[in-house]
Amino acid sequence: STNHKNFKLIDGVLASADGKTIVACPSGRFNGQDYTVPEGVQSIESYAYFYTYIKNFTTNEELKSIGTHAFQYSQLETADFGESLTLTNITGLENCEKLVSVTVSPSVEKLAQFSGCNKLTDIDLSKFNTKKVRDMSYMFASCNQLKSLNPKNFDTTQVTDMKLMFYACKKLTSLNLPPLTAIRAFVLLAISTTYSPVTFIC
C-alpha cells in the first residue's frame with residue numbers, strides 16, 4: 001500500500017514513513033546505475049544495500065549514520081561519502097569485490113571495513129579523519145590486490161583494536177606509518193599474517 005503508516009517507497013527503495021531512513025533497496029533496482037541518497041534521508045539501516053548492483057554510490061549532505069553491513073556483497077565500483085558529513089559510523093563495505101575507489105572524511109568512531117574488496121589496489125587515506133576511531137580491526141583483511149598504503153596521517157590515539165588489520169593482504173609491500181612506537185608495534189602485529197615482505201616507511 002502506498003499509504004502504509006510505517007513505510008513508503010522513494011524511487012523504488014523502501015524507506016521509513018517520514019523519509020529519513022532507508023530500510024532496504026531491492027537487489028536489482030539500480031542494476032549497473034549510479035545512485036545518490038535522496039534528500040531528507042539521514043540514516044541507512046543495516047543491510048539496506050546488501051547484494052545490490054548499484055555501480056556508483058553518492059551520499060546526500062544530510063546523512064548521519066550508516067548501519068553495519070549496509071553494502072556487503074554489493075557490486076559497487078565507487079563510493080563517495082563526501083568530505084563534510086558528520087557520519088559517526090561507516091562500515092559495511094566488506095566483500096565489495098568490484099570496489100576500486102572510496103571517498104570519505106567524516107568524524108567516525110568505527111571506520112569503513114574494506115575486507116574482501118579484491119579489486120582495491122590502493123586507496124587515498126590522506127583525507128580520512130580518524131580522531132574518534134576506536135576500532136580498526138580487519139580493516140583491510142583479504143584485500144588481495146592492495147600493494148601499498150599510506151596511513152601516515154592516521155590519528156590513532158583513541159584506537160584500542162587493530163587486530164588482523166592487514167590479514168591476507170598478499171600483495172602489500174609498502175606501508176607508510178605514523179612515527180609512533182606503540183602504533184608501529186600494533187601494526188606489525190596486525191600485519192604478521194600477510195604473505196609478502198613489507199617495507200615500513202616511518
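Is Tyr 73 buried, partly exposed or exposed, and at what relative accessibility? In this predicted model, Tyr 73 counts as partly exposed, at 35% relative accessibility. The legends below cover the sheet, the salt bridges and the aromatic contacts.

**View 1. The open sheet is built from five strands.** The strand order is 1-2-3-5-7, and the pairing is mixed. Strand 1 (7-10) and strand 7 (65-66) occupy the edges; each has a single partner strand, so one side of each lacks a neighbour in the sheet.

**View 2. Strand 2 and strand 3 run antiparallel and are joined by two bridges.** Leu 14 lies opposite Ala 24 of strand 3. The hairpin formed by these strands has four residues between them, and within this hairpin Gly 19 adopts a positive phi near 75°.

**View 3. Strand 5 has parallel partners in strand 3 and strand 7.** Two bridges connect strand 3 to strand 5, and Thr 21 has Ser 43 in strand 5 as its bridge partner. Strand 5 (residues 43-44) also pairs with strand 7 over two bridges. Here Ser 43 stands opposite Ser 65 of strand 7.

**View 4. Arg 29 forms a salt bridge with Asp 11 and places its charged end over the ring of Phe 30.** The structure holds two salt bridges. In the one between the side chains of Arg 29 and Asp 11, the N to O distance is 2.8 Å. This pair links distant parts of the chain, 18 residues apart: Arg 29 belongs to the loop between strand 3 (21-24) and strand 4 (34-36), while Asp 11 belongs to the loop between strand 1 and strand 2 (13-16). The charged end of Arg 29 is 4.5 Å from the centre of the Phe 30 ring. Arg 29 has a relative accessible area of 30% and is therefore partly exposed.

**View 5. Asp 161 and Lys 163 form a salt bridge.** The closest N and O atoms are 2.8 Å apart. Lys 163 is partly exposed, with 42% relative accessibility.

**View 6. Phe 50 and Tyr 73 form an edge-to-face aromatic pair.** The whole structure contains 12 aromatic pairs. For Phe 50 and Tyr 73, the centres are 5.9 Å apart and the angle between the planes is 75°. The two residues connect distant parts of the chain, 23 residues apart, with Phe 50 in the loop between strand 5 and strand 6 (56-58) and Tyr 73 in the loop between strand 7 and strand 8 (78-80). Phe 50 is partly exposed at a relative accessible area of 30%.

**View 7. Phe 30, Tyr 35, Tyr 49, Phe 57 and Phe 71 form one aromatic cluster.** Phe 30 of this cluster is the residue whose ring lies beneath the charged end of Arg 29.

Technical notes:
Residues are numbered from 1 along each chain as its sequence is written. This is a predicted model: local features need pLDDT of at least 70, side-chain atom pairs count only at pLDDT 80 or more; totals for chains, interfaces and linings use all residues. Side-chain values use heavy atoms; hydrogens and water are left out. Two strands pair if DSSP finds at least two bridges between them. A salt bridge is a side-chain nitrogen of Lys or Arg within 4 Å of a carboxyl oxygen of Asp or Glu. Buried means under 20% relative accessible area, exposed over 50%, partly exposed in between (1.4 Å probe, protein chains only). Rings of Phe, Tyr and Trp (its six-membered ring) pair if their centres lie within 6.5 Å; planes under 30 degrees apart count as stacked, over 60 as edge-to-face and the rest as tilted. A charge sits over a ring if NZ of Lys or CZ of Arg is within 6 Å of the ring centre and within 35 degrees of the ring normal.
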